[in-house]
Amino acid sequence: MDRNKDINDTQKHFEPEGLADDPLLTEDAEAKRLLSEYAYIRTRQEAAAPDVEAAWTRFTQRRQEPKQKAATRSLKLYYTAAAAIVVCVIVSAAYLFFASDESYINDVEQQHAEYIVNENGNIVAFEATDGPRVVMIGNSDQSLEPIEEKTDDDNIKAGAEKAVVTAMPIAQVLDIANKTITTPRGGTYEVVLSDGTKVKLNADSKLTFPVNFNDSERIVELAGEAFFSVARDEAHPFIVKTACANTTVLGTEFDVKAYDDMLTQVVLKSGRVKVNSNVKTDEEVTMEPNHNATIRKDGTIALHKADAEKLTMWTEGKFCFDTTPLLTLTKEMGRWYNVNIEIAEDVLDYYPISFEMSRECGLAEFIDKLNELGFLDVTMEEQNVMIKKKNDTLPAMKLIKMQQ
């Protein structure tokens with residue numbers, strides 16, 4: 001089920017009428033793209049989501065291109081600007097025209113955002129990409145569908161807040177592929193696996209699991225963050241696989257955070273777990289409660305004491321920042337509120353932030369909390385948040401350098 005591919009293939013057949021033969025426009029790839037989108041919108045087809053990574057690459061390449069002759073460049077910019085104005089007008093009209101088209105609206109609602117991090121590690125912006133703004137369920141090959149009021153998929157009964165997986169008779173399990181559940185930004189979701197293990201997924205996370213576990217071990221895969229309450233079964237270890245590490249348990253409560261833009265962390269609340277690095281295969285630690293394991297980029301694992309209650313307060317619907325680097329805080333802020341964020345000065349990246357608040361509070365109240373710290377000037381215009389120093393002199397604080 002790759003609707004975007006079908007749409008993109010369809011779009012290739014459309015060329016802007018009248019202007020397509022203009023040599024200057026055909027030489028300028030950006031102008032041609034804009035005009036192609038204009039022609040495509042006129043077909044009353046569904047528009048594919050933008051490719052953020054490709055757009056960012058194009059932007060970087062265009063900045064590095066050698067300067068062209070002034071006259072040619074000016075003329076191309078004129079045509080590009082004209083094309084952009086036409087597209088803006090048509091998109092606005094198309095939005096009003098399609099307002100009653102349910103399939104179009106659903107596609108728009110299922111887009112979410114990803115942020116771009118610049119070379120200094122600062123979050124520059126969030127841009128729309130193709131992804132869910134509702135919880136999705138389906139095969140692990142990414143053929144996912146939105147969870148409706150009641151969804152029944154291979155013994156997975158799912159609702160708006162929770163999915164329950166029931167084991168199937170062995171005879172029916174042989175050819176069943178793994179299933180995936182993904183959560184949107186700004187939302188959490190609970191999954192009860194077929195062995196009774198409870199998993200609470202944080203925002204913008206993905207869990208892949210079998211409907212039935214095999215006879216030797218219970219394996220799930222995680223991208224994002226989840227809190228696990230594992231059903232004890234000494235004969236069948238429970239393993240959480242992430243890109244950087246595997247966490248193995250028998251029965252316990254622990255949190256795994258494995259977002260692409262952050263180092264993987266495991267926080268143990270009760271029981272014992274073993275963490276193995278996937279990068280440095282001989283690296284392994286056994287954790288006791290109230291400890292945090294951080295898997296560094298080189299594959300080594302740093303183990304230190306932590307307050308597991310505070311680090312897992314998101315499961316209770318709360319933000320809890322306890323001497324958290326500002327850069328880390330902004331990433332969580334972005335995942336939850338889905339806003340554009342920029343930290344103006346690099347020196348602020350590792351300043352420690354401490355406060356608690358409900359996740360039900362709005363973005364404005366979150367910004368107020370940051371301003372109340374006294375040394376930040378946080379402002380918002382539309383969906384753009386800017387974080388600056390409030391004064392020329394920052395208070396003396398121990399900077400919290402993030403593990404590398």
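## Reading the labels on a predicted model

Mentor: Welcome! This is a predicted model, and the search for cavities of 30 Å³ or more comes to a count of two.

Trainee: What makes a space in here a cavity?

Mentor: A 1.4 Å probe fits there but cannot get out, so the space is called a cavity. The largest cavity has a volume of about 70 Å³.

Trainee: Which residues line the largest cavity?

Mentor: Among them are Asn202, Lys257, Tyr259, Glu332, Arg335 and Trp336. Helix H8 (residues 326–337) gives the most to this lining, with three residues. By kind, the lining residues divide into four nonpolar, one polar and five charged.

Trainee: Why is cysteine 361 called buried?

Mentor: Its relative accessible area is 17%, and buried means under 20%. Cysteine 361 falls under that cut-off, so it counts as buried.

Trainee: And why is cysteine 244 called partly exposed?

Mentor: Cysteine 244 has 26% relative accessibility. Partly exposed lies between the 20% and 50% cut-offs, so cysteine 244 takes that label.

Trainee: How many disulfides are there?

Mentor: Zero, from a search of the whole structure. A disulfide needs a pair of cysteine sulfur atoms within 2.5 Å, so we can conclude that the search found no such pair.

Trainee: Lysine 269 caught my eye. Why does it count as partly exposed?

Mentor: Lysine 269 has 25% relative accessibility, and partly exposed runs between 20% and 50%, so the label fits. Lysine 269 sits in strand S16 (residues 264–270). Leaving aside neighbours within four places in sequence, its contacts include Phe227, Glu253, Phe254 and Pro289.

Trainee: How do you know that lysine 269 is in contact with Phe254?

Mentor: Contact means heavy atoms within 4.5 Å. Phe254 is listed among the contacts of lysine 269, so the two have heavy atoms within that cut-off.

Trainee: What makes a group of residues a nonpolar core?

Mentor: The members are buried residues of nonpolar kinds, joined through side-chain atoms within 4.5 Å. The largest such core has 38 residues, and those with the most contacts inside it include Ile181, Val220, Phe228 and Phe254. Strand S12 (residues 218–229) gives the most to this core, with four residues. There is also a second, separate core of 28 residues, including Phe319 and Tyr351.

Trainee: Why would nonpolar side chains be buried together?

Mentor: In soluble globular proteins, that is how they tend to be placed.

Trainee: How much of the chain counts as buried?

Mentor: Of its 404 residues, 43% count as buried. The chain has nine helices and 25 strands.

Terms used: Residues are numbered from 1 along each chain as its sequence is written. This is a predicted model: local features need pLDDT of at least 70, side-chain atom pairs count only at pLDDT 80 or more; totals for chains, interfaces and linings use all residues. Side-chain values use heavy atoms; hydrogens and water are left out. Buried means under 20% relative accessible area, exposed over 50%, partly exposed in between (1.4 Å probe, protein chains only). Helices (H or I, at least four residues) and strands (E, at least two) are DSSP runs, numbered from the N terminus. On a 1 Å grid over the protein atoms alone, a cavity is a set of points where a 1.4 Å probe fits but cannot get out, and a pocket is an open set with protein on both sides within 12 Å along at least five of seven lines; lining residues have an atom within 4 Å of a point. Grid points are joined across faces, edges and corners, and a volume is the space filled by probe spheres set on the points. Ala, Val, Leu, Ile, Met, Phe, Trp, Tyr, Cys and Pro count as nonpolar, Asp, Glu, Lys and Arg as charged, and the others, Gly among them, as polar.
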